[in-house]
Structure formats: C-alpha cells, structure tokens
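Got a minute to poke around a model together? Have a look at the sequence and fold, and then we'll go through some questions.

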Amino acid sequence: MREGQRAQRPARTAFGGRVTDGRPVVTLTLIGLCVLSYVLQLTTDRWTSELAFAPFIGETEPWRFLTSAFLHSPGSIVHIAFNMIALWSVGPFLEASLGRWRYLALYLLSAVGGSVMFLLLASPFEQSWYTALVGASGAVFGLFGAVLVVLRRVGRSAGGIVAVLVINAVLGFVLPGVAWQAHLGGLVVGAALGAAFAYAPRDRRTAVAVGSCVAALVLLVGAALVTYAGV
C-alpha cells in the first residue's frame, strides 16, 4: 500500500495547484503577520518608520516595497480591519483554487505592484515623493483582480467582486489618505497573474506559472529602476 501511495501523483486543482486539506494556511498566516505587525506598530513608532514605503527612500531600502504591505495606519483600526476582512473574503477561495505557492506569489507580487505604481505616479517635485505608504490594500486588490479572472474562467458570477471594486475605486478618490495608486497597481498585477494561472495550457501550467511570476517581478523591478534613474 505504501508503494502504491508513493507512486500516485498528488491531486491537483483545476488550475494545477496541489490539493490540500482545506485549511487556508497561507491566508491565516498573512492575516496573523499583519495583526502582529500592527501590534508592534502600536508598541513602537520605529516599526512603522523602518518598514513603510515612500518613493524617496525606496531606491536605497528596496525591501520597503514589500514590507509596507504588512503595515497599517496605527491611528485607525478600521484600516487593518477592512483589509483583513477583504483578505479573508477572497483569500481562502483563491488559495484552494490556485494552490498555496501560486496564491502566495500572487499576493506578494501584487503588494509590490501597488508600491511600484505609487512610485510611478509620484513626482519628486511634489509631496507625494515623501508620503509614506502603508497597508495591504495593493495586495488585496491584486486578489480581487485575480478572482475576477478565475471566476470568469470557471463560469461563475463575479458581480459581488465587481461591486466591491467599484465602491473602493470611488472611495479611493473621495476619502483623503487613500492610496488609489496602490490599489491600481495591485489590481493590474493580480489580474495579469490570475489570467496566466487560469488560462495556462494544462500540460504547461507549472512552467507558465513560474515564468509569469518571474516576468512580473522583472517588470516591476525594471520599472522602479528606470523611474529612479530618471530622477
């Protein structure tokens, strides 16, 4: 029986991910990291100042492009609560559909995409160049973009997600302090990766998934380097 089990191929999802036991381990871990980081933000101001992203400092401290996605506004618990609820609303579905490593790559690259878009649309001659960016919104919007594609691929309605995106798009332009640029960047990266994962040929799913993630990272890094080179 052991020999037979070892010879069997692991079960795969419709998009090539490995079927797991159903627990959204990655989603729970991401939420836990964000909550832990928020507690540390409330404990010491240095946690925020050392990890938040701002265009003027991203060139010399590039880890901030990602670490800022695990920070939230210390003065507003609504900020982290909204993002974590949104993450929980779509995260488990995508994690189960795409598989854990694809899902994690999607989240992290969307987070970086949000920071890069914030950089691209900032001006070194305006306050935006020195404005700190915090929040998981870019990553969450990446998940929204991906779930739109995935739902369309499997023939399910995406009306609820579209409504959420429209509402948040409006709020991004109406409410002060909302980084709509990060929302846009995350959405674009998430939708692109979601399309690559969902529409990859059956016999090349892993190669397409890895290649698309590498390509997205190269494009994001390249866009940031070109922007800094032109300043």
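Q: In which helix does Gly194 lie?
A: Keep in mind that we're looking at a predicted model. Track down Gly194 in it and you land in helix H10.

Q: Is Gly194 buried or exposed?
A: The cut-off for buried is under 20% relative accessible area. Gly194 comes in at 0% relative accessibility, so it counts as buried.

Q: What does Gly194 touch, leaving out residues up to four places away in sequence?
A: A good place to start is Val147, which is 47 residues from Gly194 in sequence, yet the two C-alpha atoms are 7.2 Å apart in space. For touching, we want heavy atoms within 4.5 Å. With residues up to four places away in sequence set aside, Gly194 touches Ala146 and Val149.

Q: At about what angle do H6 and H8 pack?
A: H6 passes H8 in a left-handed crossing. On the H6 side, the contact includes Asn83, Leu87 and Leu94, while H8 brings Ala146, Val147 and Val150, among others. The two axes are 9 Å apart, and the packing angle is about 35°.

Q: How many charged residues does the contact of H6 with H8 have?
A: Sort that contact by class and you get 13 nonpolar and 4 polar residues. That leaves the charged class, and the contact of H6 with H8 has no charged residues.

Q: Which residues does Leu94 contact, leaving aside neighbours within four places in sequence?
A: Leu94 is one of the H6 residues that make the contact with H8. Skip the neighbours within four places in sequence, and its partners are Gly99, Tyr103, Leu106, Leu143, Ala146, Val147 and Val150.

Q: Which helix gives the most residues to the largest nonpolar core?
A: In soluble globular proteins, nonpolar side chains tend to be buried together. Here the largest nonpolar core has 52 residues, with Leu87, Leu94 and Tyr107 making the most contacts inside it. Elements giving two or more residues to this core include H6, helix H7 (100-120) and helix H8 (137-153). The top contributor, with 10 residues, is H7.

Q: Where is His72 found, and is His72 buried or exposed?
A: His72 is found in the loop between helix H5 (64-67) and helix H6 (77-98). Its relative accessibility is 0%, so His72 counts as buried.

Q: Which residue's side chain makes a polar contact of 3.1 Å with the side chain of His72?
A: Not counting residues up to four places away in sequence, His72 touches Tyr38, Gln41, Asn83 and Val134, among others. The 3.1 Å polar contact joins the side chain of His72 to that of Asn83.

Definitions and conventions: Residues numbered from 1 in each chain as written. Predicted model: local features only at pLDDT ≥ 70, side-chain atom pairs only at ≥ 80, totals over all residues. Heavy atoms only, no water. Helix = DSSP H or I, 4+ residues; strand = E, 2+ residues; numbered from the N terminus. Buried < 20%, exposed > 50% of the residue type's maximum accessible area, 1.4 Å probe, protein only. Polar contact = N/O pair within 3.5 Å; in protein donor to acceptor, adjacent residues only side chain to side chain. Core = buried A, V, L, I, M, F, W, Y, C linked by side-chain atoms within 4.5 Å. Axes fitted to C-alpha atoms, helices over the stretch in contact; angles between N-to-C directions. Left-handed = near helix turned anticlockwise from the far one by under 90°. Nonpolar A, V, L, I, M, F, W, Y, C, P; charged D, E, K, R; others polar.
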